[in-house]
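Biologist: Please show me the model, and then I will ask about its sheets, its domains and its charged pairs.

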Amino acid sequence: MYFRRNGNYRATLANEGVELMYLHELLDAFSIQNSYPSIQIRGVETNSRRVQPGDVFFALTGHTSNGHDYIDQAVAAGAVAVVGTQECTLVEIPYIRVADTRKAVALAAKRFYNHPSSRKVVIGITGTNGKTTTSFLLREMLEKAGKRCALFGTVHYVINGKTLPSPNTTPDSLQFQRLLHESEDDVVIMEVSSHGIDQLRIEGIEFDFAVFTNLDQDHLDYHGTMEDYFEVKSRLFNQLKTEGTAVIWKEDVWGSRLSGQLKTRGIRVLEVDKRNLEDSLQSQHLPFHNRINAELAATIAIQMGCSKEGIQQALHSFQGVPGRFEVIEVPNDIHVVIDYAHTADAFNQVLSSLRNLAKGRILHVFGFRGNRDASKRQAMIEASLKGSDLSILTSDDRNGVSQLEMESQLDKLEFTGKRIQNRTEAIGFALEQAVSGDWIVITGKGNEPYKDDYEAPCQSDRETVEWYQKQEKIKL
């Protein structure tokens with residue numbers, strides 16, 4: 001018997017349903033021919049601190065650390081083989097050199113855990129905006145129909161009915177294969193980020209359905225251009241199973257382009273457009289952009305045998321997603337919306353949805369993150385100024401950028417609204433300005449906790465709103 005550290009147990013291999021394996025069988029997964037048939041392995045690991053006797057250690061090279069520096073530690077802990085990309089002649093156990101360790105560990109994990117995605121219905125959802133809401137709506141529809149669903153995404157993970165924290169929208173490939181193996185769920189729904197695709201976190205996962213919500217300017221600090229961003233997103237659809245289906249929001253120009261490419265390749269494509277919203281779902285109680293997410297989810301649910309009546313019941317019972325168009329009612333007929341929107345297109349969608357709801361004005365509080373795509377900032381400002389009656393520019397996570405430098409960057413933008421650098425003060429100002437019938441929308445953070453310290457003793461946008469409601473100086 002061997003165990004995982006950090007409180008996660010690892011039962012015997014027989015009990016886990018993982019067959020005992022030899023090194024050559026594992027290496028066959030990424031086409032490495034070798035002469036180590038008699039070495040039995042008991043696990044795959046990428047963190048030297050978690051290596052147990054019998055594990056194969058994969059030395060990954062990251063932005064801040066190099067796994068090759070920890071090979072001795074892994075060997076001392078009982079690793080029986082090491083896989084890496086650099087020259088290594090000082091290791092007494094087998095050292096297998098590969099061109100790409102991330103791809104190798106993904107394929108090795110798939111082999112070690114016996115191809116877990118082939119035994120489930122796996123649904124991947126990608127796009128700049130709407131991944132989280134679409135995944136939550138789909139899970140609601142399928143579970144109402146009696147299908148047990150695992151969920152991987154930004155808010156949290158759900159596996160075998162248990163909710164787990166979400167360190168990343170898309171888990172790393174080894175963790176992913178392990179969790180898929182441990183899942184007893186019928187269906188696996190996952191948000192697939194562009195970083196997750198590019199960093200090979202979903203390598204080896206086979207999808208029954210792949211969803212494209214939209215593409216808007218974001219993450220260009222990482223991808224460089226919109227063309228590169230689109231190319232990465234489109235790779236998800238290369239991992240569809242033979243009979244897999246793509247579900248695409250065609251009204252997006254990038255979605256229409258992707259649909260054409262996939263059809264040319266003979267892949268089954270189901271397109272969703274505005275006519276679907278008008279003709280099918282009775283989802284008028286949802287904001288418009290959420291109706292798009294609902295239609296994408298319903299398209300898959302119907303393919304999986306769910307009835308339209310059951311889908312309608314799921315829509316009406318849906319409680320929403322934490323931090324996604326989350327409405328807080330405060331006194332005097334004032335409403336506050338907390339949303340994760342962080343692109344110009346997302347601003348347009350949220351603010352236009354509010355315009356149909358608000359009796360009075362729309363007050364918009366938003367900020368920019370440090371060390372992130374700065375090229376989208378002016379477009380976000382213009383969307384806010386156009387869609388709101390009062391635009392309040394504040395701070396978001398600075399990510400190591402000094403407040404002075406952030407202010408200097410903001411000075412170069414064309415903005416005619418109100419600037420308040422302290423996020424909690426900006427929210428307080430919006431609450432002070434609001435009158436009966438007004439809607440305040442606070443975007444960018446959703447349900448995420450603050451990384452920076454602010455004036456009010458609060459850890460999130462919701463907590464800040466609730467804190468100000470208790471202050472006598474705010475007359476609500």
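The exchange below takes the structure part by part.

Biologist: What kind of model is this, and into which domains is the protein chain divided?

Modeller: This is a predicted model. The protein chain is divided into three stretches: residues 21–113 are domain 1, residues 121–317 are domain 2, and residues 326–471 are domain 3.

Biologist: Which strands stand at the edges of the four-strand sheet?

Modeller: The four strands form an open sheet with parallel pairing, in the order S3-S4-S5-S6. S3 (43–45) and S6 (95–97) have a single partner strand each, so one side of each is left without a neighbour in the sheet. Neighbouring strands here are turned by 20° against each other on average, direction ignored. The edge strands are S3 and S6.

Biologist: Which residue of S6 stands opposite Gly84?

Modeller: Strand S5 covers residues 81–84 and pairs with S6 in the parallel sense over three bridges. The residue opposite Gly84 in S6 is Arg97.

Biologist: What angle does the direction of helix H4 make with that of S4?

Modeller: H4 (residues 101–112) packs on this sheet and touches S3, S4 (55–58) and S5. Its direction makes an angle with that of S4 of about 155°.

Biologist: Which strands stand at the edges of the six-strand sheet?

Modeller: This open sheet has mixed pairing and the order S15-S16-S20-S17-S18-S19. Two strands have a single partner strand each, so one side of each is left without a neighbour in the sheet. They are S15 (326–330) and S19 (418–419).

Biologist: Which residue in S18 is the bridge partner of Leu363?

Modeller: Strands S17 (residues 362–368) and S18 (residues 390–395) run parallel and are joined by six bridges. In S18, the partner of Leu363 is Leu390.

Biologist: At what angles do helices H14 and H18 run to S17 and S15?

Modeller: H14 (residues 344–355) lies across S16 (334–339), S17 and S20 (439–443), and runs at about 165° to S17. H18 (residues 461–469) packs on the sheet and touches S15, S16 and S20. The direction of H18 makes an angle with that of S15 of about 5°.

Biologist: How much area do domain 2 and domain 3 bury between them?

Modeller: The C-alpha centres of these two domains lie 28 Å apart. Their contact takes 12 residues from domain 2 and 14 residues from domain 3. Of the buried area, 44% is on carbon and sulfur atoms, and the total is about 1,100 Å².

Biologist: Which helices each supply at least two residues of the side of domain 2 that touches domain 3?

Modeller: Across this interface there are five residue pairs in polar contact, both residues at pLDDT 80 or more. The count of salt bridges between the two domains is one. The helices on the domain 2 side are H8 (220–223) and H12 (288–303).

Biologist: How many residues apart in sequence are the parts tied together by Lys241 and Asp208?

Modeller: The whole structure has 29 salt bridges. In one of them, between Lys241 and Asp208, the closest N and O atoms are 2.8 Å apart. Lys241 lies in strand S13 (residues 240–249) and Asp208 in strand S12 (residues 207–212), so the pair ties together parts whose separation in sequence is 33 residues.

Biologist: How far apart are the closest N and O atoms of Lys376 and Asp218?

Modeller: Lys376 forms a salt bridge with Asp218. The distance between their closest N and O atoms is 2.6 Å.

Notes
Residues are numbered from 1 along each chain as its sequence is written. This is a predicted model: local features need pLDDT of at least 70, side-chain atom pairs count only at pLDDT 80 or more; totals for chains, interfaces and linings use all residues. Side-chain values use heavy atoms; hydrogens and water are left out. Two strands pair if DSSP finds at least two bridges between them. Axes are lines fitted to C-alpha atoms, for helices over the stretch in contact, and angles run from 0 to 180 degrees between N-to-C directions. Contact means heavy atoms within 4.5 Å. Domain bounds come from an automatic or database domain assignment. Buried area is the accessible area (1.4 Å probe) that two parts lose on being put together, summed over both. A salt bridge is a side-chain nitrogen of Lys or Arg within 4 Å of a carboxyl oxygen of Asp or Glu. A polar contact is a pair of N or O atoms within 3.5 Å; within protein, one must be able to donate a hydrogen and the other to accept it, and residues adjacent in sequence count only if both atoms are side-chain atoms.
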